[in-house]
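Reader: Could you walk me through this structure? I would like to ask about it step by step.

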Amino acid sequence: MATRPRPLSPHLQVYRPMYTMVLSVTHRATGIALALGVVLLAGWLLALASGPAAYNRARELCGSPVGILVLAGFVLAFWYHFCNGLRHLNWDAGNGFEKAAARRSGAVVVIATLALTAATLLATLHFGGRP
Amino acid sequence: MSLKTPLGRVLGLGAAGGGAHHWRAQRLSAIALVPLGAWLVASLVTLPDRAYGTVHGWLAQPLHGLLMALLVVAAAHHAWLGVTVIIEDYVHTTTSKVAALLVAQFLYVVVGAGALFAVLKVALGGWA
């Protein structure tokens with residue numbers, strides 16, 4: 001009988017990080033961040049429902065340097081999870097499992113994420129700027 | 001050839017005693033969140049400003065109120081499903097695992113209900 005605790009799945013620590021694996025881990029990481037974002041979105045909506053005083057406190061928080069950085073991070077995490085989520089749904093439909101196809105779709109996800117994030121941030125500046 | 005018992009094959013549940021429903025709900029909420037998420041980002045970005053009156057007036061419109069209500073329900077559900085999988089993968093002690101799963105479930109029921117209540121209050125709050 002082995003007495004030493006064995007590493008349990010998923011065996012992240014025994015693999016050399018690979019491109020597709022890093023993308024997969026990033027999907028989880030952005031998922032955790034966005035799960036926290038849902039909590040913050042609920043807080044923001046409750047502030048809006050509570051009236052101008054509560055809403056303006058939330059708005060001030062969003063407009064602070066840290067707030068802007070966090071919101072920009074959420075935009076990046078959202079578009080990554082959005083694009084890679086579509087990649088997952090395509091896999092669920094049974095397509096694109098081959099190594100070359102999976103690497104290619106991964107590159108598309110990274111490029112689309114960066115483009116959509118840049119477009120969102122530029123559009124925010126264009127339409128009204130600060131939160 | 002299958003190693004499953006005839007009863008297990010008929011029930012189709014596997015070792016975990018479940019799974020198909022979780023898998024299905026995660027995909028359904030993901031599909032719902034594709035248009036809803038894109039709508040949320042596009043809406044928040046294109047508002048002329050983020051003053052109380054502007055944002056409140058935007059969410060009080062029936063279409064936007066409905067879409068936000070759908071979004072917070074789908075997002076809270078999807079977040080709970082995802083957090084559940086992560087807890088099941090990384091928390092190995094039964095006590096901690098069950099405790100974390102319970103906290104996650106309560107948290108996302110409260111978050112979903114709270115957000116939905118806020119949207120309804122704004123949307124149905126009258127014309128004052």
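The conversation below goes from the separate chains to the place where they meet.

Reader: Before we start, what should I know about the model and its numbering?

Author: This is a predicted model, in which local features need pLDDT of at least 70, side-chain atom pairs count only at pLDDT 80 or more, and totals for chains, interfaces and linings use all residues. Residues are numbered from 1 along each chain as its sequence is written, while chains are lettered from A and ligands numbered from 1 in the order in which they are written.

Reader: How many helices and strands does chain A have?

Author: Helices (H or I, at least four residues) and strands (E, at least two) are DSSP runs, numbered from the N terminus. Read from the N terminus, chain A goes α-α-α-α. The count is therefore four helices and zero strands.

Reader: What is the radius of gyration of chain A, set against the globule rule?

Author: The radius is taken over C-alpha atoms, and the globule rule is 2.2 Å times the number of residues to the power 0.38. Along the principal axes, the C-alpha trace of chain A spans about 60 × 40 × 25 Å. For 131 residues the rule gives 14 Å, so chain A is more spread out than a compact globule, with a radius of gyration of 19 Å.

Reader: And what is the radius of gyration of chain B?

Author: Chain B has five helices and zero strands, in the order α-α-α-α-α from the N terminus. The rule gives 14 Å for its 128 residues, and chain B is well over that, so it is more spread out than a compact globule. Its C-alpha atoms fill a box of roughly 65 × 30 × 25 Å along the principal axes. The radius of gyration of chain B is 20 Å.

Reader: What share of the residues in chain B is buried?

Author: A residue is buried if 20 or more other C-beta atoms lie within 10 Å of its own, exposed if 12 or fewer, and partly exposed in between, with C-beta atoms placed from the backbone. In chain A, 21% of the 131 residues count as buried. For the 128 residues of chain B, the share is 20%.

Reader: At what angle do H2(A) and H3(A) pack?

Author: Axes are lines fitted to C-alpha atoms, for helices over the stretch in contact, and angles run from 0 to 180 degrees between N-to-C directions. Helix H2 (residues 52–63) and helix H3 (residues 65–92) of chain A have axes 4 Å apart. The two are therefore roughly perpendicular (65 to 115 degrees). Their angle is about 80°.

Reader: Which residues of H3(A) does H2(A) meet?

Author: Two residues are in contact if their C-beta atoms, placed from the backbone, lie within 7 Å. On the H2(A) side, the residues are Leu61(A), Cys62(A) and Gly63(A). In H3(A) they meet Gly67(A), Ile68(A) and Leu71(A).

Reader: At what angle do H3(B) and H4(B) pack?

Author: Helix H3 (residues 52–60) and helix H4 (residues 62–90) of chain B have axes 5 Å apart. Trp58(B), Leu59(B) and Ala60(B) in H3(B) meet His64(B), Gly65(B) and Met68(B) in H4(B). The angle between H3(B) and H4(B) is about 85°.

Reader: How many residues of chain A are in contact with chain B?

Author: On the chain B side, helix H2 (20–46), H3, H4 and helix H5 (94–123) each supply at least two residues. Chain B brings 32 residues to the contact, and the number from chain A is 31.

Reader: Which helix gives the largest share of the largest nonpolar core?

Author: A nonpolar core is a set of buried Ala, Val, Leu, Ile, Met, Phe, Trp, Tyr and Cys residues joined through C-beta atoms within 7 Å. Of the 39 residues in the largest one, Val38(A), Leu48(A), Ala76(B), Ala79(B) and Ala115(B) touch the most other members. Helix H1 (19–50), H2 and H3 of chain A, with H2, H3, H4 and H5 of chain B, each supply at least two residues. The largest share, ten residues, comes from H4(B).

Reader: Which residues does Val38(A) touch, leaving aside its neighbours within four places in sequence?

Author: Val38(A) is one of the core residues that touch the most other members. Its contacts are Ala75(B), Ala76(B), Ala79(B) and Val111(B).

Reader: Is Asn90(A) buried or partly exposed?

Author: Asn90(A) is found in helix H3 of chain A, and it touches Asn95(A) and Gly96(A), not counting residues up to four places away in sequence. With 14 C-beta neighbours inside 10 Å, Asn90(A) counts as partly exposed.

How values were computed: Angles under 35 degrees count as roughly parallel, over 145 as roughly antiparallel, 65 to 115 as roughly perpendicular and the rest as oblique.
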